[in-house]
Amino acid sequence: MPSQHVGDIQTDINRIKQDQTYLFVDRNFQDSIIEYFQFLRREAILCDVTLRIGSLKFSCHRNILGVASPYFRSLFIDNESGRFIKHVDLPQEIERSTMEALLGYMYGGRIFINIGNAIDIFKAAIFFKLQSLIEECSYVLASFLTPDNCLKVQEISLTHGQEKLHQRCHRFLCENFVKVAETSQFLELHQDELESILSNSDICTTGEQQVFDSLVRWTDYDRKDRGIHFAKLLQHVRLALLPPSILMEHVERQQLVQRSPTAKEMVLEALRFNSAQDENIRKTLSSPRTLPRTYSTLVDVILFVGGKGRNPEEGRLTFCYEPIGNQWYTLAPLKTQLFDHSVASVDGFVYACAGSVEGQASLLLQDMVQCYDPHHNYWDYVNSMQEPRAKSAAAEHDKLLYVSGGIINGSQGNSFEVYNPISDKWQSLSPPTIPRSRHAMVATETHIYVIGGEGQGIEPEISMERYDPAVNLWSFVLPMNCGKVGACVVEVEGKIYVMGGYNGYTTLRQCEVYDVQTHQWNMAKDMTEFRQDAEAVVLNTKIYVIGGRDYKGERELYSLECFDILTGEWTRLTSVPIAREGFRCVSCRVSRDHLAPLKLK
């Protein structure tokens, strides 16, 4: 049988050659077909099945529904008698507007989602088994979480097995407990659900009195039926964390406490614990009710991830620096050693992306991604990137993880990927104009910037490109004063600080500042040391720059210096106590309970 085309395929008619086959792609065809399908449904032309929700009727086409939805596929296509089905009755709770929106999606792949309809569309998408829409709704719901809806979304996610969304709801509830406890949804909780919340050590309050008051409010909402559960639920309130004055004047005088001997005994227990001066006596009185909640133990640290140690096992060590106490600690080790990787923090979790390992003849590029959970102090793998890469850059924007460039297939890559933690999936996006590696990347409130790096030319890149996630487009902005490879970058209050790097001739210690409002560059005070390939993080309006390589680019640096934005001055602080080449740094919050003193060998 003769070939259908000769030579290579060319899609640009202006570049066609005699030995090539021209592939014509009609860009308007798909849109016109979709629009006509919608027209046929609206006018009930050639429809062969009717969907019914009570008295509501929707005329549709079996073949389109069967292709779009696994639910209808099993009904019309996989079922031998499917072609004879004329009517399909659907659940009464699906509203007309939701069904119209879902049909529009199944016919054309487009749907409008907002905070008002997201839950209804999510539930309907689960019923019709529309996986892509389920994942998108999960992300939208996670983005739209409020104190008023988080309990409802959490219940739906648990019922329908959406674990990632359920975890996000749980964290939101813990971080916003006080506001959630003021909502009507909170008052509707079942006692078992409330018990699960009150017993959680991660809920954040300004004091345990707020936890006690929320329990009283929930009980008073239906005191007749809920009063018998008060004492059982009170055991999850950490009364011992309250001052004696609050215990006696506020808690003990509460009518619910006065009527329960068990509750009164718990108040006395808390008073005895507070009055005990001897440490041994306090230990004998200790119980889960005397333990502080996690929020009171949280501390901001600079996390050191990966790099080359003296051996692979040492390279897995994760350690951190706590600036306030000027102390070094260890945390849970990585799953595997990382080098030439990138790191970023997303919604409190730390992600270490890609990198390289040493092979027999060359470096082997990696696509794996490890995630650190600071709440439970452990690393785990998440879904791998679409392309293996090293020396890339990562940044967080709107609770999504973006990774750009790096070394891909032996040269500077122009790949740009985004990771959604809710769906655990990577997606390719429109790439920057210039391929880059050893570049810097940072996100502002509205955009993502890639800066400098090794590009296609001999000299380091001087350009800066800006990505708009809303429209998936890149544009150039005003370039730096000079090209830079291996610069480090942070964003603080609408200003992008680019520090150090290599300009093709020497290592720099200058600090350039780009104002995203005025689109102008200015110079800040130079760092105390020349650095390339250093790391930079922000904590409490201070910029910390760590490590890198020296003036000649030959010697590893382990010093740490700090820039105070208020005073405009750099201060040399301390040095990294472990010899580690190529570590990456990110700021995060961890519990002091997870911190173990760093022991130097």
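A residue is called buried when its relative accessible area is under 20%, exposed when that area is over 50%, and partly exposed in between (1.4 Å probe, protein chains only). By that yardstick R293, at 1% relative accessibility, counts as buried. The model looked at here is a predicted one, so a local feature needs pLDDT of at least 70 and side-chain atom pairs count only at pLDDT 80 or more, while totals for chains, interfaces and linings use all residues. Residues are numbered from 1 along each chain as its sequence is written, and side-chain values use heavy atoms, with hydrogens and water left out.

Back to R293, then. It sits in the loop between α18 (279–285) and β6 (298–305); helices (H or I, at least four residues) and strands (E, at least two) are DSSP runs, numbered from the N terminus. The side chain of R293 makes a polar contact of 2.7 Å with the side chain of E208. Such a contact is a pair of N or O atoms within 3.5 Å; within protein, one must be able to donate a hydrogen and the other to accept it, and residues adjacent in sequence count only if both atoms are side-chain atoms. Leaving aside neighbours within four places in sequence, R293 is in contact (heavy atoms within 4.5 Å) with a list of residues including L198, S199, N200, H236 and L241.

Zooming out, the domain assignment, which is automatic or comes from a database, splits the protein chain into domain 1 (22–144), domain 2 (189–292) and domain 3 (295–597). The centres of domain 1 and domain 2, taken over C-alpha atoms, are 50 Å apart. An unreviewed UniProt entry places the feature "domain: BTB" at residues 47–115; UniProt positions are given in the numbering used here, feature names are shortened, and annotations may be inferred rather than shown by experiment. That span is 41% helix and 19% strand, with its end C-alpha atoms 33 Å apart.

What about the inside? A nonpolar core is a set of buried Ala, Val, Leu, Ile, Met, Phe, Trp, Tyr and Cys residues joined through side-chain atoms within 4.5 Å. The largest one has 78 residues, and L51, L65, M99 and L239 have the most contacts inside it. Helix α5 (residues 118–127) gives the largest share, 7 residues. Both domain 1 (22–144) and domain 2 (189–292) chip in residues, so this core lies between them. M99 touches L51, I53, F58, L90, I94, M106 and F128, not counting residues up to four places away in sequence. Another core, of 20 residues, lies apart from it, and V301, V343, W379 and C588 are among its members.

Aromatic rings pair up too, with 26 pairs in the structure. Rings of Phe, Tyr and Trp (its six-membered ring) pair if their centres lie within 6.5 Å; planes under 30 degrees apart count as stacked, over 60 as edge-to-face and the rest as tilted. F72 and F128 make a stacked pair, at 5.3 Å centre to centre and 20° between the planes. This pair links distant parts of the chain, 56 residues apart: F72 is in helix α3 (residues 70–77) and F128 is in the loop between α5 and α6 (131–143). F72 is buried at 0% relative accessibility, and F128 is buried with a relative accessible area of 0%. Ring pairs also join Y71, F72, F76, F127 and F128 into a cluster.
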